[in-house]
Amino acid sequence: MTDTMARVASETDMTFEFPQQLFIDGAWTDAAAGDRFDVTNPATGAVLAQIADGRRDDARRALDVAVATQQAWADTPPRERSEILRRAYELILEHADELAMLITLEMGKPLADARGEVSYGAEFFRWFAEEAVRVGGDHTLSGDGKTRIIVTREPVGPCVVVTPWNFPLAMGTRKIGPALAAGCTVVFKPAEQTPLTALYLAHILSLAGLPDGVVNVVTTTTPAEVVGYWLDSGQARKLSFTGSTEVGRILLAQASKHVMRTSMELGGNAPFIVCSDADIDTAVEGAITAKMRNMGEACTAANRLYVHADVVEEFTRRFAERMAALRLGPGWEDGVQVGPLIDADALRKVESLVRDAVERGARVATGGESPSEGLLYPPTVLADVSPDCELASTEIFGPVAPVFTFTDDDEAVRRANDTEWGLVAYIFTRDIDRAFRLAGRLEVGMVGINTGLVSNPAGPFGGVKSSGIGREGGRWGIDEYLEYKYLAIPRR
Ligand code: NAP
């Protein structure tokens, strides 16, 4: 550890050091204007740290360095890039306790979930360490046989990476892993509410031997100024964004100025379909996972549960029993399964959505009342929900599960597709043909069949419609950071 890292005693017994400055050109540095901002613990409201608040000058410095380093990093042998990523993977696991605690402290999720995110996030580095040495090309002949066509793959160039607060580690590694594997440098702006994990990740990359300037992190309270500078500069070649559809649209418009490559992982409104022949145990388990991972603050969260009329009563009763048994509290306490929401706005939004549903006739099967203090909201199941209530067309981003009833598969598909989003859907049925049939008709990028979890570093994560452009993970993930170049050579 360096003296640029502060040792902070947390609410827990664990004390550890973590960086609190910008990371530019391999060095920890204050913002040019010297400003700092508070990072708070959503479980207590306590200030965890005061970190550097980057502005336009810092954005410029970070991008200049990323641009200057681009060629050397692209020229670094793939095996070297791969081994740095592999070391970073191992270091994340060695520092899993610190990383998980940072995630819990700044974002609120229970420690068990945070540990899950650390393993998931680390895996992107291992996966793309393996992909770095497998970037191929092609060789073919023109139709008339007179020209050799050689196709090479080259790094896109300096990448702008912007991430949300809900998976502070994994959303970073899912982008930085393939970018580095492909030979791209990075300027990285993590979410304002969860910058500590991102800075710790930069520390790990530095320990792993990443050359100075390849990844540069600018934390800020003025995202539009920092990211706007990067997109406007004409020097960055790629934008990789995860966040809301609303902000995604703004950034897409800005990225169009220089016709940048974009990967956009945006919002969701996932339908969760339980057919009449579903195994109810599996469906209830799947609903707990799909709804409660991250307290419902996940783009993949089941947002609308469509349950066949024949099984809706049994499913709702058993699901509500499971939800009611979940333990709420600060994420670092033993046995806690549901932590606080990220902030007061998130809590107010959830409360207002539930109020609206109840006013339109929904029955509260469990939950529905927030405790008087803090940002905790109880796991809530709403039955007999009217299709026109607000939460049917809003990303809830909280532990609230509205159950709607359907009577035939066509109706389930029609209602599932009746949204601008198309990230993921879940289907529960014992009939595999039915599952394939439904999956084929759902307008989404991913389908969980008899499972409530699709996120997997080996799979292509991403959506259609307003849920985004591009895929992250699997052998497809690196394509987002590579261009094709074709060489035409006359054949003599
Ligand atoms: P957000 O408000 O869109 O913010 C995402 C990132 O964009 C943050 O770093 C934010 O900075 C930055 N940002 C905000 N306004 C900006 C602007 N005008 N210019 C440049 N950058 C700007 O989203 P969020 O609330 O953090 O995250 C929740 C959303 O992310 C949900 O909609 C969720 O579905 C989506 N999400 C999608 C996926 C996926 O893979 N599809 C995964 C996870 C989350 P600040 O933090 O400073 O505001």
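**Exercise 1.** Explain why H2 and H6 are oblique to each other, and describe their contact.

*Solution.* The model is a predicted one, in which local features need pLDDT of at least 70 and side-chain atom pairs count only at pLDDT 80 or more, whereas totals for chains, interfaces and linings use all residues. Residues are numbered from 1 along each chain as its sequence is written, and side-chain values use heavy atoms, with hydrogens and water left out.

Step 1. The axes of helix H2 (residues 78–94) and helix H6 (residues 195–207) come within 8 Å and cross at roughly 125°. Helices here are DSSP runs (H or I, at least four residues) numbered from the N terminus, and axes are lines fitted to C-alpha atoms over the stretch in contact, with angles running from 0 to 180 degrees between N-to-C directions.

Step 2. Angles under 35 degrees count as roughly parallel, over 145 as roughly antiparallel, 65 to 115 as roughly perpendicular and the rest as oblique, so H2 and H6 are oblique.

Step 3. The crossing of H2 past H6 is right-handed (the near helix is turned clockwise from the far one by less than a right angle).

Step 4. Ala 88, Leu 91 and Ile 92 of H2 make the contact with Leu 201, Ile 204, Leu 205 and Leu 207 of H6, where contact means heavy atoms within 4.5 Å. By class, this contact has 7 nonpolar, no polar and no charged residues (Ala, Val, Leu, Ile, Met, Phe, Trp, Tyr, Cys and Pro count as nonpolar, Asp, Glu, Lys and Arg as charged, and the others, Gly among them, as polar).

**Exercise 2.** Work out how the axes of H2 and H3 are oriented, and which residues make their contact.

*Solution.* Step 1. The axes of H2 and helix H3 (residues 96–107) come within 5 Å and cross at roughly 70°, and the two helices are therefore roughly perpendicular to each other.

Step 2. Ile 92, Leu 93 and Glu 94 of H2 touch Ala 96, Glu 98 and Leu 99 of H3, a contact with 4 nonpolar, no polar and 2 charged residues.

**Exercise 3.** Describe the division of the protein into domains, and the area that they bury between them.

*Solution.* Step 1. Domain 1 takes in 5–266 + 468–486 and domain 2 takes in 270–457, with bounds that come from an automatic or database domain assignment.

Step 2. Their centres, taken over C-alpha atoms, are 30 Å apart, and the contact takes 31 residues from domain 1 and 27 residues from domain 2.

Step 3. The two domains bury about 2,100 Å² between them, 63% of it on carbon and sulfur atoms (accessible area, 1.4 Å probe, that two parts lose on being put together, summed over both).
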